Amino acid sequence: MAARNRATIRDVAREASVSIATVSRVLSGEKTVNPEMAVRVREAAEKVGYRPNSAARGLVSGTFRTIGVTVPDLGNQYFQEVLRAAVLAAKGDGYRIVVMDSMGDADEEHEACLQQVPNVDGLILISPRMTVSQLEGLVETGVPLVMVNRVEPGFDIPTVTSDNHTAIGELCRHLFSYGHRNMVFINNSYPSWQARAREAAMVENAARLGFSLEILRAEPSIEGGYLAADEAVYLSPTAVLAFNDLMAYGVLTRFSELGVGVPERVSVTGFDDIEIARHSVPPLTTVLSPKAQLGRLAWRAMRASLSDKGNAEVAPVAAPVILRRSTGPAPDADEGNAELGVRAR
């Protein structure tokens, strides 16, 4: 006999003809919900067989000692390192972490968070993808929230970020000092807060320093960088800056296939300083994103929120440039770019 599917919070909302957020508030014991509506939600939960066991235990004890954490891509080493630091910090305070991988889908992320609301003390959103309206709905549930790598004006949510603006400025000045005047920035094709912040900083520095800038967009992965490298090389840059180290690694791989010397003909940089950056050929100049520190600060902000001592925003964390052999002096403008064009073809 086939096992019966377990009822979800969405089933309760459909049966009671209310929003998922309303169901979450009722089941988490919030007193602001209309009493008649609360009764309807509880009756619907009983009817469909919804049994939030951990929530029931939490309502008795007043806390679950559990925090939900969302990430857009658990396979990305960057998110793994932020998450690991948050898990260790939370464990030290007697809390456990439940991880939800949204696979970069805003709707999946939003629904997963709403389903966890009755079962957790708070939610840490790492590089959240959900829309502003979805974020508003999550705020309305009353669950404590902390955001990592996203700033949304008008939301009173503790926010932890790295200093993209200063880091990009240092990277651009480093390349400019080496004589680079034609640069390509391969940005994340998904318009995340990080992508917008880094692109804005690139545009600002191009205007301030006076170099030519072309912007391409690709998936933030090795394959994304690899596929974007051909388009980048036809623009005849002397420097290619990638949104993250994974993309930069893909660029290095494709340039090697094309016979484009790095850094003799093109300098390449990344962002994040994940392990692959130190072992690429040549080793990658990048920005050291303070991954472990972001994870620890996220937990510290959550702990403060749970005790009603939270601040809406934490000062951006410094992200220093790490110089390695993938960057060097720009070649002669005429000879270098001409040879680059011939080799690419």
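**Figure 1. Overview of the predicted model, with 14 helices and 11 strands in the protein chain.** The model shown is predicted, not determined by experiment. The protein chain has 345 residues, and 53% of them count as buried. The exposed area of the protein chain is about 15700 Å², and carbon and sulfur atoms supply 51% of it. Among contacts with a separation of 6 or more, 71% are between residues 24 or more positions apart.

**Figure 2. The negative surface patch that includes Asp-105.** Five residues form this patch: Asp-73, Asp-101, Asp-105, Asp-107 and Glu-108. Asp-105 sits in the loop that runs between strand 2 (96-101) and helix 6 (106-116). Asp-105 counts as partly exposed because its relative accessibility is 37%, and partly exposed covers values between 20% and 50%.

**Figure 3. Met-103, a residue with positive phi in the loop between strand 2 and helix 6.** Asp-105 of the previous view is placed in the loop between strand 2 and helix 6, and Met-103 is found there too. Phi of Met-103 is near 55°, although the residue is not a glycine. Most residues other than glycine have a negative phi. The relative accessible area of Met-103 is 68%, so Met-103 is exposed.

**Figure 4. Ser-17, between helix 1 and helix 2.** Ser-17 lies in the loop that connects helix 1 (9-16) with helix 2 (20-27). Its phi is positive, near 60°, in a residue other than glycine. Is Ser-17 buried or exposed? Ser-17 counts as exposed because its relative accessibility is 63%.

**Figure 5. Cis peptide bonds before Pro-263 and Pro-282.** Most peptide bonds are trans. The bond from Val-262 to Pro-263 is cis, with omega near 10°. Pro-263 belongs to the loop between helix 11 (245-258) and strand 9 (267-269). Val-281 and Pro-282 are likewise joined by a cis peptide bond, here with omega about -5°. The loop that holds Pro-282 runs between helix 12 (275-279) and strand 10 (286-287).

**Figure 6. The salt bridge between Arg-150 and Glu-152.** The model contains 10 salt bridges. In the one shown here, the side chains of Arg-150 and Glu-152 meet with an N to O distance of 2.9 Å. Arg-150 is buried because its relative accessible area of 6% falls under the 20% limit. Glu-152 is buried as well, since its relative accessible area is 15%.

**Figure 7. A salt bridge from helix 9 to strand 7.** The side chains of Glu-199 and Arg-217 meet in a salt bridge, 2.6 Å from N to O. This pair links distant parts of the chain: Glu-199 is in helix 9 (residues 193-209) and Arg-217 is in strand 7 (residues 212-218), 18 residues apart. Glu-199 counts as buried because its relative accessibility is 17%. Arg-217 has a relative accessibility of 49% and therefore counts as partly exposed.

**Figure 8. The salt bridge between Asp-273 and Arg-324.** The N to O distance between these two side chains is 3.0 Å. Which parts of the chain does the pair link? Asp-273 is in the loop between strand 9 and helix 12, while Arg-324 is in the loop between strand 11 (321-322) and helix 14 (333-344), so that 51 residues separate the two. Both Asp-273 and Arg-324 are buried. Elsewhere, Asp-230, Arg-254 and Glu-257 are joined into one network by salt bridges that share partners.

**Figure 9. Thr-141 and Ser-24.** Thr-141 has its place in the loop between helix 7 (132-140) and strand 4 (145-148). Thr-141 counts as buried because its relative accessibility is 3%, and buried means under 20%. How far is the C-alpha atom of Thr-141 from that of Ser-24? The two C-alpha atoms are separated by 6.6 Å, while the residues are 117 residues apart along the chain.

Conventions: Residues are numbered from 1 along each chain as its sequence is written. This is a predicted model: local features need pLDDT of at least 70, side-chain atom pairs count only at pLDDT 80 or more; totals for chains, interfaces and linings use all residues. Side-chain values use heavy atoms; hydrogens and water are left out. Patches are made of residues with over 30% relative accessible area and no salt bridge: like charges are joined within 9 Å, nonpolar side chains (Val, Leu, Ile, Met, Phe, Trp, Tyr) within 5 Å. Accessible areas come from the Shrake-Rupley method with a 1.4 Å probe; for residues, only the protein chains shown count as cover. A salt bridge is a side-chain nitrogen of Lys or Arg within 4 Å of a carboxyl oxygen of Asp or Glu. Lys and Arg count as positive and Asp and Glu as negative; His and the chain ends are not counted. The place of a charge is taken as NZ of Lys, CZ of Arg, CG of Asp or CD of Glu. Helices (H or I, at least four residues) and strands (E, at least two) are DSSP runs, numbered from the N terminus. Buried means under 20% relative accessible area, exposed over 50%, partly exposed in between (1.4 Å probe, protein chains only). Contact means heavy atoms within 4.5 Å.
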